[in-house]
Amino acid sequence: MIKLAIYGKGGIGKSTVTSNLSAAFAMRGKKVIQIGCDPKADSTGNLLAGKPLMPVMNYLREHDEDPTSLGEITARGFGNVLCIETGGPTPGLGCAGRGIISTFNLLDDLRLLEKEKPDVVLFDVLGDVVCGGFAAPIREGYAEKVLIVTSGEKMALYAAGNINSAVLNFEDRGYASVEGIILNRRNVESEREKVETFARERGLRIVADIPRDRAFQTAEDQGRTIVELDPDGAIALRFFDLADRLLAEEASGSAAAEDGRRTGSGSVTAANGRGAETGRMEEAGGMTGGTDTPHGFGKLEDCGCPM
Ligand code: ADP
Ligand code: MG
């Protein structure tokens with residue numbers, strides 16, 4: 001299972017990138033879940049053609065009881081992608097990070113991964129604040145790989161730097177690591193060079209370069225992705241390339257793990273770098289999908305903020 005978190009500054013194009021990437025995976029025949037973790041709750045709009053989706057936090061506010069089925073807080077979008085939005089607290093009241101944690105714990109209770117058995121899970125997360133709650137997707141066995149969306153603009157790169165630092169803070173515990181940078185162009189001067197310098201200084205690489213194009217707005221106005229509307233076009237190709245690369249990496253990781261199992265060399269954990277997590281999640285009785293594959297969503301503690 002590929003578990004990806006997409007982070008970046010507000011408005012930089014995370015949801016656009018995430019939904020196009022979900023659509024690309026879906027068109028490759030993969031079973032996909034996209035979880036929007038932004039209080040804006042607009043992550044999955046381009047997959048749902050404008051159909052309303054009840055954000056989990058809204059559901060919890062409006063009902064006395066937790067939902068008893070996934071159907072109450074999910075919707076199927078383009079390519080059968082299962083869409084979920086955490087939503088956020090009433091503005092000015094409460095902590096958005098805690099909303100993400102409550103949602104994740106609820107999804108665990110509803111046995112989301114066990115029931116859906118996805119090939120790919122994408123978390124679309126706001127990166128302006130990387131508090132305990134917003135860092136939840138990169139902790140506790142949720143996402144394994146982080147993609148940071150940035151343009152060459154100063155503030156976008158600043159947020160990207162913070163996200164990279166937050167991931168590094170957790171990395172030594174065997175949690176997520178940064179897979180690379182997605183350059184989503186704003187057409188600022190020397191944009192590629194600026195982002196390349198940023199990446200090089202941190203030992204990162206640019207894994208996709210998305211042009212600024214009005215077609216994104218045209219697609220968005222219809223509640224669709226470019227991948228759906230123009231799958232053979234140059235822009236869709238960038239998303240297919242990225243999806244294919246991630247699938248190939250996953251396949252070679254699984255093959256290495258399989259080799260390890262056959263030879264009994266114990267390289268299962270080495271191959272996916274998640275040895276500590278595997279043990280921890282199974283110990284915790286998390287949602288494990290196999291004996292040696294950490295498929296679970298672990299239980300999360302409080303985000304630690306005072307609100
Ligand atoms: P975020 O999720 O990071 O807040 P969005 O994905 O909602 O940002 O994008 C913000 C706006 O920018 C949207 O209207 C989207 O259509 C537009 N946009 C994103 N990427 C591009 C691009 N490469 N070219 C043109 N418009 C884009
Ligand atoms: Mg968004």
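Q: Why is Ala49 called exposed in this predicted model?
A: Ala49 has 12 other C-beta atoms within 10 Å, and a residue counts as exposed if that number is 12 or fewer, so Ala49 meets the cut-off and is classed as exposed. Ala49 lies in the loop between helix 2 (45-48) and helix 3 (56-62).

Q: What makes the phi of Ala49 worth noting?
A: Most residues other than glycine have a negative phi. Ala49, although it is not a glycine, has a positive phi of about 50°.

Q: How do you know whether Ser190 is buried or exposed?
A: Ser190 has 10 C-beta neighbours inside 10 Å, and because the limit for an exposed residue is 12 or fewer, Ser190 counts as exposed. Ser190 is placed in the loop between strand 7 and helix 7, and its phi, near 45°, is a positive value in a residue other than glycine.

Q: How do you know what span to expect of helix 6 (residues 154-171), and what span does helix 6 reach?
A: The expected span is 1.5 Å times one less than the number of residues, which for the 18 residues of helix 6 gives 26 Å, and the helix reaches 25 Å from its first C-alpha to its last, close to that value.

Q: What makes some residues of helix 6 buried, and which are they?
A: A residue is buried if 20 or more other C-beta atoms lie within 10 Å of its own, and in helix 6 the buried residues are Ala156, Leu157, Ala159, Ala160, Ile163, Asn164, Ala166 and Val167. What covers them includes strand 1 (2-8), strand 6 (145-150), strand 7 (177-184) and helix 7 (191-201).

Definitions and conventions: Residues are numbered from 1 along each chain as its sequence is written. Chains are lettered from A and ligands numbered from 1 in the order in which they are written. This is a predicted model: local features need pLDDT of at least 70, side-chain atom pairs count only at pLDDT 80 or more; totals for chains, interfaces and linings use all residues. Helices (H or I, at least four residues) and strands (E, at least two) are DSSP runs, numbered from the N terminus. Two residues are in contact if their C-beta atoms, placed from the backbone, lie within 7 Å.
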